[in-house]
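This report covers side-chain contacts, salt bridges and backbone outliers of a single model. The sequence and coordinates come before the discussion.

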Amino acid sequence: MMWLITRINDDYILTAVYAVMIIISFIIKREKKEVMVFFFGFFVMIIAEFIFVSTGVETFIRNSLLGIMPLWFPFLWGYCFVAMKRGIKILEL
């Protein structure tokens, strides 16, 4: 997913590609509460990134989401939360 950021310059197209990838990954393998984990990461990171940007800690050149950050960024973070949940489950063996 990170590689696509350098290849797709249009935030709306990249967001759509991320959404399709996330939906496909949930269709292939979905465990309990993963959708909730995704939306938790999605919304928590919008708030966190808003705070970082408003304090000047971070800046984005691409700011298609409310003039703050790239539209695709919360989708990436949401799926990162799911990936972390899956990774933790693997480590619990």
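Leaving aside neighbours within four places in sequence, with which residues is W72 in contact? The contacts of W72 outside that window are I5, D11, L14, T15, Y18 and R62, where contact means heavy atoms within 4.5 Å.

The model is predicted, so local features need pLDDT of at least 70 and side-chain atom pairs count only at pLDDT 80 or more, while totals for chains, interfaces and linings use all residues. Residues are numbered from 1 along each chain as its sequence is written, and side-chain values use heavy atoms, with hydrogens and water left out.

**Core**

W72 also appears in the largest nonpolar core, a set of 24 residues in which L14, Y18, F38 and W72 touch the most other members. A nonpolar core is here a set of buried Ala, Val, Leu, Ile, Met, Phe, Trp, Tyr and Cys residues joined through side-chain atoms within 4.5 Å. Buried stands for under 20% relative accessible area, exposed for over 50%, and partly exposed for values in between (1.4 Å probe, protein chains only). At least two residues of this core come from each of helix 1 (2–7), helix 2, helix 3 and helix 4. Helices are DSSP runs (H or I, at least four residues), numbered from the N terminus.

T15, one of the contacts of W72, lies in helix 2. T15 counts as buried because its relative accessibility is 8%. Apart from neighbours within four places in sequence, T15 is in contact with L71, W72 and F75.

M21 is also a helix 2 residue. Its relative accessibility is 33%, so M21 counts as partly exposed. Beyond residues up to four places away in sequence, M21 touches M1 and L4. M21 and E34 are 13 residues apart in sequence, and their C-alpha atoms are 15 Å apart.

**Salt bridges**

A salt bridge requires a side-chain nitrogen of Lys or Arg within 4 Å of a carboxyl oxygen of Asp or Glu. By this rule the model has five salt bridges. Three of them are listed below.

| Pair | N to O distance |
|---|---|
| D11 and R62 | 2.7 Å |
| K85 and E31 | 3.9 Å |
| K89 and E31 | 2.9 Å |

D11 and R62 form a salt bridge that links distant parts of the chain, with D11 in helix 2, R62 in the loop between helix 3 and helix 4, and these positions 51 residues apart in sequence. D11 is buried because its relative accessible area is 8%, whereas R62, at 22%, is partly exposed. Both D11 and R62 are among the contacts of W72.

How far apart in sequence are the parts tied together by K85 and E31? The side chains of K85 and E31 meet in a salt bridge. K85 lies in helix 4 and E31 in the loop between helix 2 and helix 3, so this pair ties together parts that are 54 residues apart in sequence. K85 counts as partly exposed at 26% relative accessibility, and E31 is buried at 18%.

E31 also meets K89 in a salt bridge. That pair again links distant parts of the chain, K89 being in helix 4 and E31 in the loop between helix 2 and helix 3, 58 residues apart. K89 is partly exposed, with a relative accessible area of 43%. K29, E31, K85 and K89 are linked in a network of salt bridges.

**Surface patch**

I47, F50, I51, F52 and V57 make a nonpolar surface patch of about 490 Å². Patches are made of residues with over 30% relative accessible area and no salt bridge, with like charges joined within 9 Å and nonpolar side chains (Val, Leu, Ile, Met, Phe, Trp, Tyr) within 5 Å. Accessible areas come from the Shrake-Rupley method with a 1.4 Å probe, and for residues only the protein chains shown count as cover. One member of the patch, I47, is placed in helix 3. I47 counts as exposed because its relative accessibility is 54%.

**Backbone**

Most residues other than glycine have a negative phi. K33 has a positive phi, near 65°, and is found in the loop between helix 2 (11–28) and helix 3 (34–55). At 59% relative accessibility, K33 is exposed. L66 also has a positive phi, about 55°, without being a glycine. L66 lies in the loop between helix 3 and helix 4 (73–91), and its relative accessibility of 71% makes L66 exposed.
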